[in-house]
Amino acid sequence: MHTQSPNPTSYVFKTENLNVYYGSNLAVKNVNLDIPARQITAFIGPSGCGKSTVLRCFNRTNDLIPGARVEGKLTYHGKDLYAKNVDPVSVRRRIGMVFQKPNPFPKSIYDNVAYGPRVLGMKVDLDEVVETSLRRAALWDEVKDKLKESGQSLSGGQQQRLCIARALAVKPDVILMDEPCSALDPISTRRIEELMKELEEEYTIIIVTHNMQQASRVSDMTAFFSVELVGSNRVGELMEFSKTEVIFNNPVKEATKDYVEGRFG
Ligand SMILES: Nc1ncnc2c1ncn2[C@@H]1O[C@H](COP(=O)(O)OP(=O)(O)OP(=O)(O)O)[C@@H](O)[C@H]1O
């Protein structure tokens, strides 16, 4: 008989010996990561260690960078994300992305959120999707009476929540966030962090952050990357991946300890 443990951890992504090159330069090597479902995983580490590069592998946005090349294996729900028959556009629908600088389109608040479902021809009630996405992004109450106003007229923190609503509108499974709060003030940052904690009930989130308090506040798992000089080339490497409390309080590697205690990087 086939039995299952009551709460098996399921993994959305698994990487095996992932190497990423830009042209002939190896940017990050040998990344082995299992990203758990419906949790927040943070990527931390010094500048240039490859956090954003690895993040972009998960929705194939490195494909858009000329010369970028991914080696090794990356599975998404057990299937090879880089298989020949996989359409990168549909990958990016399932695996949304939010960037460092809020980047709403020069369109109304409503049209920003409705953009993805329209472009993809999703057969949905647009009013309903716009409202639900804005509610999930904790922005609805602030904008419900001005949906026709430009998305770019909002404050930075509101714009970032609008970008999160826009990502949610296409019903993703995963949200990748590349330093989503680095352009925001502390209050807006807290707001986004609270929102991330709410969203993890439904979505798998990976966040790149330079802010270690943020990683320790919001994430369940933390991956610490480091960078070493190989000849004249700086190559990033995954040093340690564990529960966030372990990375911050009891890491195995000295380099991790030095970094989280602010002695390096
Ligand atoms: N588009 C690109 N073309 C060429 N090289 C790149 C490109 N993007 C990143 N790199 C190189 O890859 C390496 C890793 O960069 P990446 O931006 O992933 O690091 P990071 O850890 O996210 O850095 P930061 O914290 O400064 O954002 C660096 O050496 C960088 O110069």
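## Backbone at His77 and Arg60

His77 is situated in the loop that joins strand S4 to strand S5 (79–80). In this predicted model, His77 has a positive phi of about 50 degrees, although it is not a glycine. His77 counts as partly exposed because 13 other C-beta atoms lie within 10 Å, while a residue needs 20 or more to be buried.

Arg60 is another residue other than glycine with a positive phi, in this case near 60 degrees. Most residues other than glycine have a negative phi. Arg60 sits in the loop between H1 and strand S4 (68–76). Arg60 has 20 C-beta neighbours inside 10 Å and therefore counts as buried. The threshold for that class is 20 or more.

## Pro88 and helix H2

Pro88 belongs to helix H2, which covers residues 88–94. Which residues does Pro88 touch, not counting those up to four places away in sequence? The contacts are Arg60 and Asp63. Arg60, the loop residue with positive phi, is thus one of the contacts of Pro88.

Pro88 is partly exposed, because 15 other C-beta atoms lie within 10 Å. Phe13 is 75 residues away from Pro88 along the chain, and their C-alpha atoms are separated by 16 Å.

## Helix H3 and its cover

Helix H3 spans residues 109–119, and its buried residues are Ile109, Asn112, Val113, Ala114 and Gly116. The cover over these buried residues includes helix H4 (126–136), helix H5 (140–143) and helix H6 (156–168). Just after H3, Gly121 adopts a positive phi of about 65 degrees.

With H6, helix H3 packs at an angle of about 35 degrees, and the two axes are 7 Å apart. The crossing of H3 and H6 is right-handed. On the H3 side the contact is made by Ile109, Asn112, Val113, Tyr115 and Gly116, and on the H6 side by Leu162, Ala165 and Arg166. By type, the residues of this contact are five nonpolar, two polar and one charged. Ile109, Asn112, Val113 and Gly116 appear both among the buried residues of H3 and in the contact with H6.

## Asp141 in helix H5

Helix H5, part of the cover over the buried residues of H3, contains Asp141. Is Asp141 buried or exposed? Asp141 is exposed, because 9 other C-beta atoms lie within 10 Å, and the limit for an exposed residue is 12 or fewer. Glu131 is ten residues from Asp141 in sequence, and the C-alpha atoms of the two are 9.9 Å apart in space.

## Shell around the ligand

There are 13 residues around the ligand, and those that come nearest are Tyr22, Ala27, Ser47, Ser52 and Thr53. Helix H1 (51–57) and strand S10 (233–243) are the elements that give two or more residues to this shell. H1 provides the largest share, three residues. Divided by type, the shell holds four nonpolar, seven polar and two charged residues.

## Val227 in strand S9

Val227 is part of strand S9, residues 221–230. Leaving aside neighbours within four places in sequence, Val227 is in contact with Pro46, Gly48, Cys49, Arg234, Val235 and Gly236.

Val227 counts as partly exposed, because 19 other C-beta atoms lie within 10 Å and a buried residue needs 20 or more. The C-alpha atoms of Val227 and Val91 are separated by 29 Å, with these positions 136 residues apart along the chain.

## Glu202

The loop between helix H7 (186–199) and strand S8 (204–208) holds Glu202. Why does Glu202 count as partly exposed? The reason is that Glu202 has 13 C-beta neighbours inside 10 Å. Glu202 and Asp173 are 29 residues apart in sequence, and their C-alpha atoms lie 8.0 Å apart in space.

## Annotated span

UniProt, in an unreviewed entry, lists residues 13–260 as "domain: ABC transporter". The C-alpha atoms at the ends of this span lie 25 Å apart. Residues 13–260 are 35% helix and 29% strand.

Key
Residues numbered from 1 in each chain as written. Predicted model: local features only at pLDDT ≥ 70, side-chain atom pairs only at ≥ 80, totals over all residues. Helix = DSSP H or I, 4+ residues; strand = E, 2+ residues; numbered from the N terminus. Contact = placed C-beta atoms within 7 Å. Near = placed C-beta within 6 Å. Nonpolar A, V, L, I, M, F, W, Y, C, P; charged D, E, K, R; others polar. Axes fitted to C-alpha atoms, helices over the stretch in contact; angles between N-to-C directions. Left-handed = near helix turned anticlockwise from the far one by under 90°. UniProt positions renumbered as here; feature names shortened; annotations may be inferred.
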